[in-house]
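Student: I'd like to learn how to read a structure by eye. Could you walk me through this one?

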Amino acid sequence: MSEMYEVTGTIHALGQTLPAGNKQKREVVLILGDKYPQYVAFEAFGDKVGDLDKSRVGDDVAIKFELRGREWRKNPGDPAKFFTALGLRSLVTIKAAPEPIDGADALPF
């Protein structure tokens, strides 16, 4: 396994669970930073996909991840393309987002 890193941020988006070979994958996008926010996508694979089921947009979370990369060539001798992925290893909710208010009936006036 590669070196582990950790960041904290706010969940901006949760992707759909998709097939990935004989496993599943799901993406979570965090907003990192305040003054110049960065939107960073992390990939969950296999049993880590379920870790995202209890998360919601707006949750403040800590994510441990591994940095992965690979080289790809369409044909031998073609120029190489390089891909980088941030593989989610764990997610801990620091502060849950407030429950959404459903409909106008929930308003106090």
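Student: Where do I start: how many helices and how many strands are there in the protein chain?

Tutor: Happy to help, and please keep in mind that this is a predicted model. The protein chain has zero helices and six strands. Reading along the sequence, you get the pattern β-β-β-β-β-β.

Student: Which way do strand 1 and strand 5 run when they pair?

Tutor: Strand 1 covers residues 4-14 and strand 5 covers residues 60-72; the two run antiparallel and are joined by seven bridges. To follow the pairing, look for T8, whose bridge partner in strand 5 is A62. Next to that, V7 stands opposite I63.

Student: What else does strand 1 pair with?

Tutor: Strand 1 is also joined to strand 3 (residues 23-32), again in the antiparallel sense, through four bridges. A13 is a good marker here, with V29 as its bridge partner in strand 3.

Student: And how many bridges join strand 3 and strand 4?

Tutor: Eight bridges, and the sense is antiparallel. V29 turns up again, this time standing opposite A41 in strand 4. Strand 3 and strand 4 form a hairpin with five residues between the strands, and G33 takes a positive phi near 90° there.

Student: How many bridges join strand 5 to strand 6?

Tutor: There are 13 bridges, with the strands antiparallel. L67 in strand 5 has L86 of strand 6 opposite.

Student: Now the side chains. What should I expect along a strand?

Tutor: In a regular strand, side chains alternate between the two faces of the sheet. Nonpolar side chains also tend to be buried together in soluble globular proteins. In this model, the largest nonpolar core has 15 residues, and V28, L30, F42, I63 and L88 touch the most other members. Strand 3, strand 4, strand 5 and strand 6 (81-95) are the elements that give two or more residues to this core.

Student: Which residues does L88 touch, if I leave out those up to four places away in sequence?

Tutor: L88 touches V28, E43, A44, K48, L52, I63, K64 and F65. V28 and I63 are worth picking out on your screen, as they belong to the core members just named.

Student: How do I describe a pair of aromatic rings?

Tutor: Such a pair is described by the distance of the centres and the angle of the planes. A search of the whole structure finds two aromatic pairs here. In one, the rings of F42 and F65 have centres 5.1 Å apart and planes at 65°, so the pair is edge-to-face. F42 lies in strand 4 (residues 38-45) and F65 in strand 5, so the pair ties together parts that are 23 residues apart in sequence. Both F42 and F65 are buried. Ring pairs also bring in Y5, linking Y5, F42 and F65 into a cluster.

Student: Is S55 buried or exposed?

Tutor: S55 is buried, because its relative accessible area is 7% and the cut-off for buried is under 20%. You will find S55 in the loop between strand 4 and strand 5. Setting aside neighbours within four places in sequence, S55 is in contact with I11, L14 and L91.

Student: Where does R89 lie, and what is its relative accessible area?

Tutor: R89 lies in strand 6. Its relative accessible area is 27%, so R89 counts as partly exposed. The C-alpha atoms of R89 and K48 are separated by 6.9 Å, although the two residues are 41 apart along the chain.

Student: Stepping back, what radius of gyration does the protein chain have?

Tutor: The value is 17 Å, whereas a compact globule of 109 residues would have one near 13 Å. Taken along the principal axes, the C-alpha atoms fill a box of roughly 70 × 35 × 25 Å. Of the 109 residues, 23% count as buried. The accessible surface comes to about 7,900 Å², with 53% of that belonging to carbon and sulfur atoms.

Student: And what share of the contacts join residues at least 24 apart?

Tutor: Among contacts between residues at least 6 apart in sequence, that share is 54%. The pairing of strand 1 with strand 5 is a good place to trace on your screen, with its seven bridges.

Conventions: Residues are numbered from 1 along each chain as its sequence is written. This is a predicted model: local features need pLDDT of at least 70, side-chain atom pairs count only at pLDDT 80 or more; totals for chains, interfaces and linings use all residues. Side-chain values use heavy atoms; hydrogens and water are left out. Two strands pair if DSSP finds at least two bridges between them. Rings of Phe, Tyr and Trp (its six-membered ring) pair if their centres lie within 6.5 Å; planes under 30 degrees apart count as stacked, over 60 as edge-to-face and the rest as tilted. Buried means under 20% relative accessible area, exposed over 50%, partly exposed in between (1.4 Å probe, protein chains only). A nonpolar core is a set of buried Ala, Val, Leu, Ile, Met, Phe, Trp, Tyr and Cys residues joined through side-chain atoms within 4.5 Å. Contact means heavy atoms within 4.5 Å. The radius of gyration is taken over C-alpha atoms; the globule rule is 2.2 Å times the number of residues to the power 0.38. Accessible areas come from the Shrake-Rupley method with a 1.4 Å probe; for residues, only the protein chains shown count as cover.
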